[in-house]
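Thanks for coming. I will go through one structure today, from the whole chain down to single residues. Please look at the sequence and the model as I talk.

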Amino acid sequence: MRKIFHTLIAVVLLTIVLSVSMSSCQGGSDSNIVKDKAYLADSMIHVAFNAGDEERTKALADSLFEEGDISVWKRAITYYGFAEDRQDVQAGVDILREALKTSGPKNARDSVSYYFCVSRLASALVYQDHYEEALRTAMGALEPVKQIGDFYYRNDLLSTLYQTITSSQTALRMMDEAEKTSEESYIYGVEALKALSNAPAVIA
């Protein structure tokens with residue numbers, strides 16, 4: 001019964017998203033149409049994921065990826081979400097590693113998805129006690145993430161990355177460094193919360 005209810009909610013929300021997107025596309029510039037199409041693709045996945053239907057959500061992500069509407073990293077995030085829900089850490093790690101084999105992002109929107117994958121991979125490595133690899137992975141992402149223009153996503157990612165770095169350093173007995181990175185994580189987390197009211201309506 002609960003699954004049926006969630007599916008009905010998803011259908012209603014998706015109908016709203018479609019209506020808004022179609023309205024905004026009418027008479028808009030090419031750049032706005034592309035932006036609206038990207039927003040629609042993200043929203044469709046977000047709604048389907050929240051409905052809890054793994055098979056249909058993955059099929060949707062595959063279809064949107066094949067059409068070029070989402071990146072390989074956005075699709076990986078979708079797959080990873082279900083692995084995370086099942087607490088299948090290794091499956092999640094495999095999904096993220098495979099996606100990150102692809103050459104890096106070429107635009108701002110894909111950068112968020114790409115570094116979201118990097119951040120989640122680093123966190124999963126900590127969970128697996130691979131602290132040195134987690135530390136390298138997270139630290140390597142810091143400077144590129146600082147270049148992301150979106151204020152909310154940038155600070156949210158930096159907070160998570162610094163948290164992963166702190167956990168790794170603590171496990172490796174790098175206590176002085178861990179104290180500093182813990183403070184960085186807190187600062188960026190506060191900044192992300194400040195920007196939350198202006199955050200995008202859909203996930204990365």
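**The whole chain**

Of the 204 residues of this protein, 42% count as buried, where buried means under 20% relative accessible area, exposed means over 50%, and partly exposed is in between, with a 1.4 Å probe and protein chains only. This is a predicted model, in which local features need pLDDT of at least 70, side-chain atom pairs count only at pLDDT 80 or more, and totals for chains, interfaces and linings use all residues. Residues are numbered from 1 along each chain as its sequence is written, and side-chain values use heavy atoms, with hydrogens and water left out.

What is the make-up in helices and strands? The protein has nine helices and zero strands; these are DSSP runs numbered from the N terminus, with H or I over at least four residues for a helix and E over at least two for a strand. Read along the sequence, that gives α-α-α-α-α-α-α-α-α.

The exposed area is about 11700 Å², and carbon and sulfur atoms supply 55% of it. Those areas come from the Shrake-Rupley method with a 1.4 Å probe, and for residues only the protein chains shown count as cover. As for contacts, meaning heavy atoms within 4.5 Å, take those between residues at least 6 apart in sequence: 62% of them join residues at least 24 apart.

**Helices α6 and α8**

I will take two helices in turn. The expected span of a helix is 1.5 Å times one less than its number of residues. Helix α6 has 20 residues and should therefore span 28 Å; its end C-alpha atoms are 29 Å apart, which agrees. Of those 20 residues, 15 are buried, so α6 is largely enclosed by the rest of the structure.

What caps the N-terminal end of α6? Asn107 does, with a side-chain oxygen 3.2 Å from the backbone nitrogen of Arg109. Just after α6, Asp129 takes a positive phi of about 70 degrees.

Helix α8 covers residues 151-171, and its 21 residues should span 30 Å; the end C-alpha atoms are 30 Å apart, which agrees. Here 15 of the 21 residues are buried, so α8 is largely enclosed by the rest of the structure. Asp150 caps its N-terminal end, with a side-chain oxygen 3.1 Å from the backbone nitrogen of Tyr152. Just after α8, Arg173 takes a positive phi of about 65 degrees.

Thr164 is one residue of helix α8. Is Thr164 buried or exposed? Its relative accessibility is 5%, so Thr164 counts as buried. Not counting residues up to four places away in sequence, Thr164 touches Ala122, Ser123, Val126, Ala134 and Ala138.

**Rings**

Now the aromatic side chains. Rings of Phe, Tyr and Trp (its six-membered ring) pair if their centres lie within 6.5 Å; planes under 30 degrees apart count as stacked, over 60 as edge-to-face, and the rest as tilted. By this rule there are five aromatic pairs.

In one of them, the ring centres of Trp73 and Tyr114 are 5.2 Å apart and the planes stand at 90 degrees, so the pair is edge-to-face. Trp73 is in helix α4 (residues 72-85) and Tyr114 in helix α6 (residues 108-127), 41 residues apart, so to speak of distant parts of the chain is fair. Both Trp73 and Tyr114 are buried. Ring pairs also link Trp73, Tyr114 and Tyr115 into a cluster.

Another pair, Tyr162 and Tyr188, is stacked, at 5.8 Å centre to centre with 5 degrees between the planes. Tyr162 lies in helix α8 and Tyr188 in helix α9 (residues 175-194), so this pair ties together parts that are 26 residues apart in sequence. Tyr162 and Tyr188 are both buried.

Charges can also sit over rings: NZ of Lys or CZ of Arg must be within 6 Å of the ring centre and within 35 degrees of the ring normal. Arg75 lies over the face of Phe65, at 4.0 Å from the ring centre. Arg120 lies over the face of Phe116, at 4.2 Å.

**Two more residues**

Ile45 is in helix α2 (residues 30-51) and is buried, with a relative accessible area of 1%. Leaving aside neighbours within four places in sequence, its contacts include Leu60, Leu64 and Ile70. Ile45 and Leu60 are 15 residues apart in sequence and 7.0 Å apart in space, C-alpha to C-alpha.

Asp62 lies in helix α3 (residues 54-66). Which residues is Asp62 in contact with, leaving aside its neighbours within four places in sequence? They are Arg75 and Tyr79. With the side chain of Tyr79, the side chain of Asp62 makes a polar contact (2.9 Å). A polar contact is a pair of N or O atoms within 3.5 Å; within protein, one must be able to donate a hydrogen and the other to accept it, and residues adjacent in sequence count only if both atoms are side-chain atoms.
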